[in-house]
Amino acid sequence: MAALMLRWSCLGKRWVLACIDGGSRHGRGAAIGLTSRRKRGQSSVAQQPLIAVQKSRKGEHEWAAVVGLEIHAQISSNSKLFSGSQVHFAAPPNSLVSFFDASLPGTLPVLNRRCVEAAVMTGLALNCRINKKSLFDRKHYFYADLPAGYQITQQRLPIAVNGSLAYSVSVGKKPSQVSTRTVRIKQIQLEQDSGKSLHDEPRSQTLIDLNRAGVGLLEVVLEPDMSCGEEAASAVRELQLILQALGTSQANMAEGQLRVDANISVHHPGEPLGVRTEVKNLNSARFLAKAIDFEIKRQIHELENGRKILNETRSFDDKLGCTMPMRDKEGKQDYRFMPEPNLPPLLLYDTASLPPGADPQQVINIDWIRERLPELPGKTREKLIQQYGMLPEHSFTLLNEVGLLEFFQNVIKETRAEPKKVTSWVLNIFLGFLKQQNLAVNESPVTPSALAELLNLLDRKAISSSAARQVFEELWQSKGKTPSQIVSEKKLELMQDQEALERVCHTVMEGHPQVVMDMKRGNPRAINKLIGLVRKATLSRADPTVIKEILERKLSS
Amino acid sequence: MLGRTLREVSTALKQGHITPTELCQKCLSLIKKTKFLNAYITVSEEVALKQAEESEKRYKKGHSLGDLDGIPVAVKDNFSTSSIETTCASNMLKGYVPPYNATVVQKLLDKGAVLMGKTNLDEFAMGSGSTDGVFGPVKNPWSYSKQYREKRKQKAHGENEDSNWLITGGSSGGSAAAVAAFTCFAALGSDTGGSTRNPAAHCGVVGFKPSYGLVSRHGLIPLVNSMDVPGILTRCVDDAAIVLGMLAGHDPKDSTTIQDPVKPFTLPTSADVNKLCIGIPKEYLAPELSSEVRSFWSKAANLFESEGAKVIEVSLPHTSYSIVCYHVLCTSEVASNMARFDGLEYGHRCDINVSTEAMYAATRREGFNDVVRGRILSGNFFLLKENYENYFIKAQKVRRLIANDFVNVFNSGVDVLLTPTTLSEAVPYLEFIKEDNRTRSAQDDIFTQAVNMAGENLTSAIPEPHAKEPEQLHVTSFSYLPMTNELAGIIETFVVT
């Protein structure tokens, strides 16, 4: 290799995955407008009304925004699309490069079956028509991290077309108000990823890492059926969940396994669509939403000030929160597409068209793949709602957080507690702790078993709710202890000794005659004070309902 | 020994009349003596001797790997050879040492063949004379034959003897010359529009272009992927059949090779042409066809007819569009295939480093000759969005018509076509370079490139890569039959020279 090696770790910036959880982040609805520019430093996803329609300052014209997406998902496969090199994130530079990947003359592409299956699976999951014959093309451009001088893609006849993706966005002020929308999918095409260029400015050198060169990508083209950043981000999030459920892509945006380009234009409703711009390389859902909303605002501002929108490629600066024109070499490029002559047409079969006696290793049967599709997120959510009586927005939250659903299901398996109780604990307390400390589910110090045991203790009234919270906090701090250990160490179990409790009640009543008098005079709040005093005397180990019972009995006797 | 056929020398090796090392050394010394032919770019002497030694061990143990064990072969310098420089006769790849063997090279080595070296060609196989490579032109061994010298003496007096040498044809001229000069028993060429058959015709050897998809292209540095095939050059048809038998078959590294297993085959000892129907395409009777070739052509046809074959006139009506169509498709693929030579990963890199783009431009300017650059330029023009429909798509459609011409002829009961390979015999170098490469290629490929176009499984047309390719029988071997008969006598004269 010509270039020097440089470790990637200096660029190994990781963003915490932005979550569109249908929860608190979507509570507010800020209208887009020029004023909201000032808010761009804030951390929340920019808020949008359903359709990006806004009264102009003059109050005469409304604006509508149109957003389409091109999404590149790296296929999760052992080897690359056309070569036997391994696929790994963050391997030492240029350690996963075959002769083909380095474009040594005379090397030829050999299509990876796994990548084709992944494309078919994804196509089926997105309700696409799978083309039984698709073709590969060369797309030419000179770039240092594109060793062959062209990318093999599917420009003329892609593997899947005409699909749809249903996703949900929260509407109104309550998180429970969820609305389902659909975006059409134009096509899914198989193509090669490029390598990576690293610009060493001080030495004015460019360093090339070809580990990524030739990794299989699914390019998913979403029709311009969206109208704001939140819709786009929600659609991408849903696609991400589907890809992960299928196992066709890890779809981790921070690791570049899912990359999004957005096409954005604005126009007055009823008038032709405006000139569009393309915002490239958006690498988190949050930035995607911010970039789109910024771009919509920018375009409206430009047009309202009598300027024109240029058909250009822009990039999003996540620090400044704005889009900027790219020093664009690709904009006016002619890619000089031509058929890839080294790959025969890709032929797929269904059970009806399968040639008799065909070697199963050499043919791909669409029906066979369809029958083996795993459960998709939509179905999972539906089942959660039915099985556990869960609120729709809770089902969204469970799926949106990586690993949370599995955690929830493991707790359910091991506990006798009510599913609603489990849901509430997992989503409110457990998730709350995680968020507070910025941890992923698999980094949690509390295991599903521990939480299940804790909920069992609560369920059989061995501890009170407040004691349970205390135990949970202890669990979080002191790894390795079981809830029962903590309960006995901290003496948190509820008093099961009825007589002893009666004695405490008696003592408390005697010690506070004034409160007893108040109660007898009919002050309903007085009993709460007595309950509080008894709990305090028992170090919160007594069940308030039992205390209340005893107190009432004693007073009426 | 060197004048024998591959099969004969193979028998001699098996019987111990000669050892692989002795055979190898004889060839090496002849390569040195014929260095002036410029047939070889690299002579891999050390490797060859080592391989011969190993072959010798096998023969001693009685574990011969078959007919090719110990047989000296040569390979055109556009096939990748592991640890042996592979240049494509271009500045761009000077010093490039591939880390892997082309499948065909590996197959030869696996059968015990001894690699003598890498043979000369037109830069990146773009040409029909083997005159346009960075290592200089290849000289036709027949230039030094008794007959040719006498012919020259009669014709022109006072001409400089040295400048009268003949071209080999191309682009596999080095391989054809190497075989014709007895420096090896078989050589690999490549054939995109006639590059194996043309120099074979001019050098009086057998040039065989297998059907597209029969032999792997993996490791062959491409000219036009959809037309390239590895070619075989030998001194007799039987030898070509032996080599083909070793090379043919599916290669998992080349998706365009046919997957059906290749049935082993041998040529019948006595050819019975009684049931053969031979087609003579009338469009090939071009006005530019020389009278010699024309008379050989009809002589060959008569020979077949007298032996009982049915010889009929057939029509390939789209022949006249073929060369233009070839030009568009060839240059388009060339433009694409040459894009990888950017000076970054391997090969030549210029000293300019002000920007990546400037580096690309200077590297490619310095690395490619005018012919290559010209084809890249026109190919990119044809692929431009505004031109694609008018040129590339149209050429593909014409290509389909040309392919259908062949299909129609063969469906009508014709078994083989008998055509000339070239318009005329080999011409002297000084004559040849009066025209530029493009004109020459267009003239010289006229009879040969149509089958290359017909043989490809047209990307948009034929889904399964099993389409039967037309067979075309060139009169190559026939036109030089008289000379071939005299070979035994010539060899002595030749070696002395």
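Modeller: Before we start, a definition: buried means under 20% relative accessible area, exposed means over 50%, and partly exposed falls in between. Also, keep in mind that this is a predicted model.

Biologist: Okay, so is A:Leu157 buried, partly exposed or exposed?

Modeller: This one sits in the loop between strand E6 (150–153) and strand E7 (160–170) of chain A. Its relative accessibility comes out at 29%. Buried needs under 20% and exposed needs over 50%, so A:Leu157 counts as partly exposed.

Biologist: And which residues does A:Leu157 touch, leaving out those up to four places away in sequence?

Modeller: One of them is A:Ser134, 23 residues apart from A:Leu157 along the chain. The C-alpha atoms of that pair are separated by 5.0 Å. With neighbours up to four places away not counted, the contacts of A:Leu157 are A:Asn131, A:Lys133, A:Ser134 and A:Leu135.

Biologist: Now the interface: how many salt bridges are there between chain B and chain A?

Modeller: The two chains bury about 3400 Å² between them, with 58% of that on carbon and sulfur atoms. There are 16 residue pairs in polar contact, both at pLDDT 80 or more. As for salt bridges across this interface, the rule finds zero.

Biologist: Which elements of chain B give two or more residues to the side that touches chain A?

Modeller: Chain B brings 46 residues to the contact, and chain A brings 35. On the chain B side they split into 19 nonpolar, 16 polar and eleven charged. The elements you're after are helices H10 (319–337), H11 (356–367), H12 (370–383) and H13 (385–411) of chain B.

Conventions. Residues are numbered from 1 along each chain as its sequence is written. Chains are lettered from A and ligands numbered from 1 in the order in which they are written. This is a predicted model: local features need pLDDT of at least 70, side-chain atom pairs count only at pLDDT 80 or more; totals for chains, interfaces and linings use all residues. Side-chain values use heavy atoms; hydrogens and water are left out. Contact means heavy atoms within 4.5 Å. Buried area is the accessible area (1.4 Å probe) that two parts lose on being put together, summed over both. A salt bridge is a side-chain nitrogen of Lys or Arg within 4 Å of a carboxyl oxygen of Asp or Glu. A polar contact is a pair of N or O atoms within 3.5 Å; within protein, one must be able to donate a hydrogen and the other to accept it, and residues adjacent in sequence count only if both atoms are side-chain atoms. Helices (H or I, at least four residues) and strands (E, at least two) are DSSP runs, numbered from the N terminus. Ala, Val, Leu, Ile, Met, Phe, Trp, Tyr, Cys and Pro count as nonpolar, Asp, Glu, Lys and Arg as charged, and the others, Gly among them, as polar. Buried means under 20% relative accessible area, exposed over 50%, partly exposed in between (1.4 Å probe, protein chains only).
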